[in-house]
Each structure stands twice: as structure tokens, then as C-alpha cells.
Amino acid sequence: MSSGPYTYVTLTMRPDSAPHLSISFHTPGLRVSAGMLFNSPRPYLEISSRDTDVHISTTGAGPVTSADLDTAREIFNAAARYLADCERLHAEQPATDQTATGAA
């Protein structure tokens, strides 16, 4: 049995280590958007829920680098794999599918 929708955020801080922030979205209430920042030639990707916002943009808030292109391609490929897995699993579910898309 699964629990209801939620967003899980942890911050780990250990002596002599950089802090580590982890965000897990487990909700149908996600919003995803992308565009160009106003008055700046910088693209952005935003993933947000009612609880959390995650923003991704170029390295050091500067011009697009080769590393930024690599990251954008990784995001694109990971999103395509996620979509394919979701579509496959959705198709395999019984006809009593949970098609609700309520916001969390």
C-alpha cells in the first residue's frame, strides 16, 4: 500500500563535509516549466510542488557552457526514460487505474 502524495526534503550536515540537500517529489501535483530568464540570455528549468521549488540554470549564472549542454542532455534523456517507464507501467495496470491528477 502506498502513502498519499508528499515531498521529502533532507539536509545532511557532517563535520568536515559539504552539506548535502536531497529533495524527493512523490506527488501528482508537480509543475514543470522552462524558459528564458527575463532580461538575461539564460535558460532555466523549474520543477515545483506546493512545498518545494527546484530551479536549474547555467553554470555560475553565466553564458551557456559545454557542461551546461551536457547537463541539459542528461535531463532530457532521463525525462524520456522516466516517461517510457511510466507509460509502460501505466499500460500494465488493471483497468481500475488511478487517473486522478489532483494537486498536492
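# Five strands, then a helix

From the N terminus on, the elements of this protein run β-β-β-β-β-α. That makes one helix and five strands in total. Keep in mind that this is a predicted model. The chain has 104 residues, and buried residues make up 13% of them. Now look at how contacts span the chain. Take those between residues at least 6 apart in sequence: 17% of them join residues at least 24 apart.

Start with strand 1, which covers residues 6-12. Tyr 8 sits in this strand. Set aside its neighbours up to four places away in sequence, and Tyr 8 touches Ser 22, Ile 23 and Ser 24. Along the chain, Tyr 8 and Ser 24 are 16 residues apart. In space, their C-alpha atoms are separated by 5.0 Å.

Next comes the loop between strand 1 and strand 2, where you will find Asp 16. Its phi is near 60°, a positive value in a residue other than glycine. Is Asp 16 buried or exposed? Its relative accessible area is 86%, and exposed means over 50%, so Asp 16 is exposed.

Strand 2 spans residues 20-26. After it, a loop leads to strand 3, and Thr 27 lies in that loop. Here the picture changes. Thr 27 has a relative accessible area of 13%. The cut-off for buried is under 20%, so Thr 27 is buried. The side chain of Thr 27 also reaches the backbone nitrogen of Gly 29, at a distance of 3.0 Å.

Move on to strand 3, residues 31-36. How many of its six residues are buried? The number is zero, so strand 3 lies largely in the open. Strand 3 does have a partner, though. Six bridges join strand 3 to strand 4, and the two run antiparallel. You can trace individual pairs across them. Ser 33 stands opposite Glu 46 of strand 4. Ala 34 has Leu 45 in strand 4 as its bridge partner. As a general point, side chains in a regular strand alternate between the two faces of the sheet.

Strand 3 and strand 4 form a hairpin, with six residues between them. Find Asn 39 in the turn: its phi is positive, about 60°.

Strand 4 covers residues 43-48, and strand 5 covers residues 53-57. What sense does their pairing have? It is antiparallel, over five bridges. In one pair, Tyr 44 stands opposite Ser 57 in strand 5. These two strands are also joined by a hairpin, this time through four residues.

Arg 50 is found in the loop between strand 4 and strand 5. With a relative accessible area of 64%, Arg 50 is exposed. Now compare its place in the chain with its place in space. Arg 50 and Arg 31 are 19 residues apart along the chain. Their C-alpha atoms are separated by 9.1 Å.

Past strand 5, another loop leads to helix 1, and Ala 61 is found there. Ala 61 has a positive phi of about 60°, although it is not a glycine. How open is Ala 61 to its surroundings? Its relative accessibility is 44%, so it counts as partly exposed. That value falls between the limits for buried, under 20%, and exposed, over 50%.

Then comes helix 1, residues 66-92. To see what the helix does alongside the strands, turn to the second largest pocket. About 260 Å³ of space lies in this pocket. It is lined by 13 residues, and the closest to its centre are Pro 43, Ile 56, Ser 57, Asp 68 and Ala 72. Which elements each supply at least two residues of the lining? They are strand 4, strand 5 and helix 1. Helix 1 gives the most, with five residues. By type, the lining divides into nine nonpolar residues, three polar and one charged.

One residue links two parts of this tour. Ser 57 stands opposite Tyr 44 in the pairing of strand 4 and strand 5. Ser 57 is also among the residues closest to the centre of the second largest pocket.

Key:
Residues numbered from 1 in each chain as written. Predicted model: local features only at pLDDT ≥ 70, side-chain atom pairs only at ≥ 80, totals over all residues. Heavy atoms only, no water. 1 Å grid on protein atoms, 1.4 Å probe; cavity = no way out; pocket = protein on both sides within 12 Å on 5 of 7 lines; lining within 4 Å. Points joined across faces, edges and corners; volume = space filled by probe spheres on them. Nonpolar A, V, L, I, M, F, W, Y, C, P; charged D, E, K, R; others polar. Buried < 20%, exposed > 50% of the residue type's maximum accessible area, 1.4 Å probe, protein only. Pairing = 2+ DSSP bridges. Polar contact = N/O pair within 3.5 Å; in protein donor to acceptor, adjacent residues only side chain to side chain. Contact = heavy atoms within 4.5 Å.
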